[in-house]
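Subject: Handing over a structure

Dear colleague,

I am passing on the structure that we talked about, and below it I have set out what was found. Please keep it open beside this message while you read.

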Amino acid sequence: MKVSRILSGIMLFSVLFITVGCAKGSDSTASKDQKDSIEILNDKNQGTGKAKTFVPILEKETGLSVKFVNTPDLSSYQTNIQQSLQGNDAPALFTWWTGSMLKDLVKNDLVEDLSDQWSDYEAAGVSDQIKDALSVDGKVYGAPLNMIYNGVYYNKEIFSKYGIEEPKTFDEFLNVCKVLKENGETPIGIGNTWQSFCWPQALMGSLDPDLYEEWISGKVPFTDERVKTVFYQWIDMIQKGYFSDVQQDQIKEFSGKKTAMFYHATNSLTSLNEDYGLESGKDLDMFILPAKNSTDKKAVFYEVTPLLIGKNSSNKENAKKVLKGYFKQDVQQEYADKTGMAAVTNVTFNDPISKKLVDEVNDTDNYSLHLRYYEQFNPELVNFSIDEYWKIFSDPTKDQVDKSLEAIQNKWESLNK
């Protein structure tokens, strides 16, 4: 999952649903063809290639003509939506981002309240655990396009070579890194600079998931001693050589056995399987970074792309119809078969890693869901913090940790004045 740094605050897997003719006309003037069709604009080739097979099923469920139109320029996409939402006839259905970007649209009264629809989505298999991520002030404004989960991929051949098994505790995980390093392997691919938040997030979820929730909610400052302790653990791992240098393509380097593990989301399976020929369950597998104690819940970090309805749209009823149709079992099963992703948890997966992750997410006694760091703060703070985390990676000392966390805290306070 690679994201250019210049695309501030813009996340993976963005897709836009807007009605034909949404920028002009109204229900009274729109043609019958316009009322019976919806265009789906996106930047990640949704509805194309192998995944396009779910479109006819969605059309059958909704009785609408559905067309996907690809838009590669994310910044233009974002600007276009923000402008058109304020027009006389806003986009009917589109994807956005959770966190501060969703709150901004709600604050300006630009998106429809979907609270009365949530029970229908939940009944269709959408996890209630993600409701808060799609809500603002207790009201639901989004429905999930898909759910993707983050975990540690590992090369099964390398693990087998050194007799390594999936770790059950955090200390066991550190020992895995130690064994790999002692045998001349690079344990973990760090990824590109934008991904510098991944390991602080993962480590906090492993060592103190309650602290993570307090941290991202603003109850605990970046300068809190417990937060520093997590970063001190990270720099200890860096100092011991457990991470690669910065990578332009961590998936390619992992596939070439230059690294034994890397932290990523399940959407990377398509590239690993199709582009590099690695077979899930045979050549590679994934585990959730274990908790400090084997009896504690493991923290699963997830990403969700919300589908929103423009409040000023003249075609809101069709938009709601598309959402309900999208969560139908046959639509989601086809989507899962072709992409390894889904918006619901009650589908089956051909890919064993996808199946494993969904089974774990459904096991609420042993796993807990947490929205990833990238969506938790406003884009300016996120990108500022990413730069500071990279400074820590480049200079893994307690002094640099303290300086960087203080700088982020100061930035956060200045933005909240």
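What pLDDT does the protein chain average, and what share of the residues score at least 70? This is a predicted model, and the protein chain averages a pLDDT of 88, with 90% of the residues scoring at least 70. Residues 1-32 need care when you read the model, since the pLDDT over this stretch is below 50, although in the model the stretch has 110 contacts beyond near neighbours in sequence.

Turning to the overall layout, the domain assignment divides the protein chain into domain 1, made of 36-148 + 303-363, and domain 2, made of 149-301 + 372-416. The C-alpha centres of domain 1 and domain 2 are 28 Å apart, and the contact between them draws on 20 residues from domain 1 and 24 residues from domain 2.

Three pairs of helices may help you to find your way around.

The first pair to look at is helix α2 (residues 54-62) with helix α14 (residues 329-339), which pack at an angle of about 170 degrees while their axes lie 9 Å apart. Because angles over 145 degrees count as roughly antiparallel, α2 and α14 are described as roughly antiparallel to each other. On the α2 side the contact is made by F54, I57, L58 and E61, and on the α14 side by D330, V331, E334 and Y335; sorted by class, this contact has 5 nonpolar and 3 charged residues, with no polar ones.

Next come helix α10 (residues 225-239) and helix α17 (residues 398-415), whose axes come within 10 Å and cross at roughly 135 degrees, which makes α10 oblique to α17. The crossing in which α10 passes α17 is right-handed. Here V227, K228, F231, Y232 and I235 of α10 meet K398, V401, D402 and L405 of α17, and by class the contact of α10 with α17 has 6 nonpolar, 3 charged and no polar residues.

Last, helix α8 (residues 198-207) and helix α9 (residues 209-216) have axes that come within 5 Å and cross at roughly 130 degrees, and α8 and α9 are therefore oblique to each other. The residues that meet are Q201, M204, G205 and L207 in α8 and P209, L211, Y212 and W215 in α9, and the contact of α8 with α9 divides into 6 nonpolar and 2 polar residues, with no charged ones.

With best wishes

Methods. Residues numbered from 1 in each chain as written. Predicted model: local features only at pLDDT ≥ 70, side-chain atom pairs only at ≥ 80, totals over all residues. Heavy atoms only, no water. Axes fitted to C-alpha atoms, helices over the stretch in contact; angles between N-to-C directions. Helix = DSSP H or I, 4+ residues; strand = E, 2+ residues; numbered from the N terminus. Parallel < 35°, antiparallel > 145°, perpendicular 65-115°, else oblique. Contact = heavy atoms within 4.5 Å. Nonpolar A, V, L, I, M, F, W, Y, C, P; charged D, E, K, R; others polar. Left-handed = near helix turned anticlockwise from the far one by under 90°. pLDDT = per-residue confidence, 0-100. Domains from an automatic or database assignment.
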